[in-house]
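Trainee: Could you take me through one part of this protein closely, and then show me how the rest of the chain is arranged around that part? I would like a connected account rather than a list.

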Amino acid sequence: MTLNQEPFVSADEAAKFLGIKRRFLLSLARQGVVGAYALGTGGIRRVWVFRLSELAETIASKRYH
């Protein structure tokens with residue numbers, strides 16, 4: 001088993017990569033449309049992190065429709 005060594009990026013970096021607003025990206029993350037990972041436990045605010053390769057794959061496969 002090989003662990004993915006690609007680093008996580010912030011919502012700001014991921015939104016810039018996709019050319020969309022951060023708020024829209026976070027909305028997609030909450031809906032489960034894009035691959036995102038919520039950090040934190042049970043708090044009101046969560047920090048979302050992303051892998052650029054997963055975002056690119058989602059767009060390429062058009063799974064967001």
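Mentor: In this predicted model, the buried residues of helix 2, which spans residues 22-31, are Leu25, Leu26, Leu28 and Ala29. Seen down the axis of helix 2, these buried residues fall within an arc of 160 degrees, so they line one face of the helix. The spacing has a general background: an α-helix has 3.6 residues a turn, so residues three or four places apart point the same way. On the other side of helix 2 you will find Arg23, Arg30 and Gln31, which are exposed. After helix 2 comes Gly32, with a positive phi near 80 degrees.

What, then, do the buried residues of helix 2 pack against? Their partners are helix 1, residues 11-18, and strand 3, residues 47-50, and each of these deserves a look in turn.

In helix 1, the buried residues are Ala11, Ala14 and Ala15. They cover an arc of only 100 degrees around the axis, which puts them on the same side of helix 1. The cover over these alanines includes strand 1 (9-10), helix 2, strand 3 and helix 3 (52-61). Helix 1, like helix 2, is followed by a glycine with positive phi; here the residue is Gly19, and its phi is near 75 degrees.

Strand 3 is paired with two other strands. With strand 1 it pairs in the antiparallel sense over 2 bridges, and within that pairing the bridge partner of Val9 is Phe50 in strand 3. With strand 2, residues 37-39, strand 3 also pairs in the antiparallel sense, over 3 bridges, and there Leu39 has Val47 of strand 3 as its bridge partner.

These pieces come together in the largest nonpolar core, which has 12 residues in all: Val9, Ala11, Ala14, Ala15, Leu25, Leu26, Leu28, Ala29, Val34, Trp48, Phe50 and Leu55. Helix 1, helix 2 and strand 3 each supply at least two residues of this core, and helix 2 gives the most, with 4 residues. Val34, a member of the core, shows how helix 2 is connected to other parts of the chain: leaving aside residues up to four places away in sequence, Val34 touches Leu25, Leu28 and Ala29, and also Phe50, Leu55 and Thr58.

One further contact concerns the strands rather than helix 2. A search of the whole structure finds 1 aromatic pair. The rings of Phe8 and Tyr37 have centres 5.2 Å apart and planes at 70 degrees, so the pair is edge-to-face. This pair links distant parts of the chain, since Phe8 lies in the segment before strand 1 and Tyr37 in strand 2, 29 residues apart. Both residues are partly exposed, Phe8 with a relative accessible area of 40% and Tyr37 with one of 31%.

Finally, stepping back to the whole chain, there are 3 helices and 3 strands, and along the sequence they follow the pattern β-α-α-β-β-α. Buried residues make up 25% of the 65 residues. Among contacts between residues at least 6 apart in sequence, 44% join residues at least 24 apart. The chain exposes about 5,100 Å², of which carbon and sulfur atoms supply 55%.

Terms used
Residues are numbered from 1 along each chain as its sequence is written. This is a predicted model: local features need pLDDT of at least 70, side-chain atom pairs count only at pLDDT 80 or more; totals for chains, interfaces and linings use all residues. Side-chain values use heavy atoms; hydrogens and water are left out. Buried means under 20% relative accessible area, exposed over 50%, partly exposed in between (1.4 Å probe, protein chains only). Contact means heavy atoms within 4.5 Å. Accessible areas come from the Shrake-Rupley method with a 1.4 Å probe; for residues, only the protein chains shown count as cover. The arc is that of the directions from the helix axis to the C-beta atoms. A nonpolar core is a set of buried Ala, Val, Leu, Ile, Met, Phe, Trp, Tyr and Cys residues joined through side-chain atoms within 4.5 Å. Two strands pair if DSSP finds at least two bridges between them. Rings of Phe, Tyr and Trp (its six-membered ring) pair if their centres lie within 6.5 Å; planes under 30 degrees apart count as stacked, over 60 as edge-to-face and the rest as tilted.
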